[in-house]
Amino acid sequence: MDGRLEWQQSKVYGLALCSGGQEVVKRDSRHIRSDPRGTYELLVPLAGTAWVEQGASSAEIRPGSMVLCDIDRPMTFAHDADFLSIAFIMSGQDVAVRSPVAARGPQLLSGARGLGRVVRQLTTTLHEEREQLSETTFDIACDRLLDLVCLAAEGGDDTAPTGQRATVEAAIRRHVRRHACDRDLDVVGIARALGWSARYVQQVLQAAGTTSRDLIRRERLNVARTRLAGASWATYSIAEIAYSCGFGSHASFATAFREEFGMTPREARYSARPGAEPPDDLADQGLSPRSAVHQQGRQGVEDRH
């Protein structure tokens with residue numbers, strides 16, 4: 001079409017400013033088979049008028065309204081000569097995971113007030129500031145925008161969509177189980193790895209009666225209990241095992257372990273392998289002989305000072 005197209009795109013999201021003359025675009029089943037996109041687009045008009053028809057639904061959009069469409073469903077899109085809009089382009093899978101309601105499409109959203117106005121303003125601001133954002137920052141901002149779009153499609157309810165919550169929760173737990181011993185594991189890292197926002201991950205876990213911190217701690221404790229009982233970890237001290245599982249100190253690990261399992265790490269270790277206890281002074285501190293030598297040497301230096 002005649003006009004201009006300005007892009008900002010990452011591997012996950014895209015923003016496009018579109019303008020041009022009067023046009024009618026049809027995307028039918030043949031086009032979709034030959035060119036599947038796997039995306040949704042949120043069209044945010046800045047000027048002029050456009051018409052969207054998809055399935056049994058049709059909508060007229062102009063500044064103050066927006067429409068969310070599945071690009072892999074047959075549709076007709078037409079606009080007048082003065083039409084100017086920003087298209088926010090996102091993965092269809094990301095939409096479906098966050099909100100089955102939003103994924104039904106097309107969704108006509110008001111951008112005049114409330115949450116819809118926030119969506120419209122954030123979309124235009126992202127386009128205006130696109131050259132100032134790194135790809136990582138751009139993706140983080142788009143994660144937030146997608147959350148807001150899905151909330152707006154759900155009617156503005158400030159809770160995580162329930163349609164696929166069990167699937168999302170299972171994926172979160174699986175990721176935490178696999179990466180429990182990563183020392184920098186947190187809710188932001190979980191969300192980034194799975195393609196969701198941190199806020200959405202927090203909502204799903206809250207609905208399941210837990211938090212990211214509690215889930216990570218519990219999985220680390222499970223790994224630690226397995227290592228304490230394992231022959232391959234027999235030469236490592238309790239403190240070393242605690243550190244290997246992501247805990248910052250032996251004291252915090254011992255407290256959490258007892259709260260979770262009703263026994264100390266030492267009791268868990270030597271109930272699995274009776275008769276293998278080290279001297280009491282080393283076991284109580286969670287130290288192996290090599291760790292004890294190091295600590296005793298350090299204490300000797302401290303005593304001299």
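# A guided tour of the predicted model

Begin by selecting arginine 62 and glutamate 60, which form a salt bridge whose closest N and O atoms are 2.4 Å apart. The model is a predicted one. Arginine 62 is partly exposed, at 40% relative accessibility, and glutamate 60 is partly exposed as well, with a relative accessible area of 39%. Side chains of opposite charge can pair when their charged atoms come close. The count for this structure comes to 10 salt bridges.

Next, select arginine 192 and aspartate 143. The closest N and O atoms of this salt bridge are 3.5 Å apart. The pair links distant parts of the chain, since arginine 192 belongs to helix α7 and aspartate 143 to helix α5, 49 residues apart. Arginine 192 is partly exposed, with a relative accessible area of 39%, whereas aspartate 143 counts as buried at 7%.

Move on to glutamate 260 and arginine 218, another salt bridge, with the closest N and O atoms 3.8 Å apart. Glutamate 260 lies in helix α11 (residues 250-261) and arginine 218 in helix α9, so this pair ties together parts that are 42 residues apart in sequence. Then highlight Arg27, Asp35, Arg37 and Asp72, which are joined into one network by salt bridges that share partners.

Now return to helix α7 and select residues 187-194. Which residues of this helix are buried? Val187, Ile190 and Ala191 are buried. They cover an arc of only 95° around the axis, which places them on the same side of α7. An α-helix has 3.6 residues a turn, so residues three or four places apart point the same way. The exposed residues Val188 and Ala193 are carried on the face turned away from the buried side of α7. Show α6 (165-179), α8 (198-207) and α9 to see what the buried residues of α7 pack against.

The next stop is strand β7, residues 65-70. Six of its six residues are buried, so the strand is largely enclosed by the rest of the structure. Ser65, Val67 and Cys69 point one way from β7, while Met66, Leu68 and Asp70 point the other way. Add strand β4 (residues 39-47), which pairs with β7 in the antiparallel sense over four bridges; here leucine 43 has valine 67 as its bridge partner. Then add strand β10 (residues 107-110), which also pairs with β7 in the antiparallel sense over four bridges. In that pairing, methionine 66 has leucine 109 as its bridge partner.

Select Leu42, Phe88 and Met90 next. These are the residues with the most contacts inside the largest nonpolar core, which has 28 residues. Helix α5 gives the most to this core, with 11 residues. Around leucine 42, display its contacts, among them Met66, Leu68, Phe88, Leu109 and Val149. Another core, of 17 residues, lies apart from the largest one and includes Leu185, Val201, Val204 and Ile216.

Turn to the cysteines. How many disulfides does a search of the whole structure find? The search finds zero. Select cysteine 245: its closest cysteine sulfur, in cysteine 181, is 4.4 Å away, too far for a bond. Cysteine 245 is buried, with a relative accessible area of 0%, and cysteine 142 is likewise buried at 0%.

Finish at alanine 234, in the loop between α9 (212-229) and α10 (238-244). Alanine 234 is partly exposed, with a relative accessible area of 33%. Its C-alpha atom is separated by 8.8 Å from that of arginine 269, 35 residues apart along the chain.

Notes
Residues numbered from 1 in each chain as written. Predicted model: local features only at pLDDT ≥ 70, side-chain atom pairs only at ≥ 80, totals over all residues. Heavy atoms only, no water. Helix = DSSP H or I, 4+ residues; strand = E, 2+ residues; numbered from the N terminus. Buried < 20%, exposed > 50% of the residue type's maximum accessible area, 1.4 Å probe, protein only. Pairing = 2+ DSSP bridges. Arc of directions from axis to C-beta. Contact = heavy atoms within 4.5 Å. Disulfide = S-S within 2.5 Å. Core = buried A, V, L, I, M, F, W, Y, C linked by side-chain atoms within 4.5 Å. Salt bridge = Lys/Arg side-chain N within 4 Å of Asp/Glu carboxyl O.
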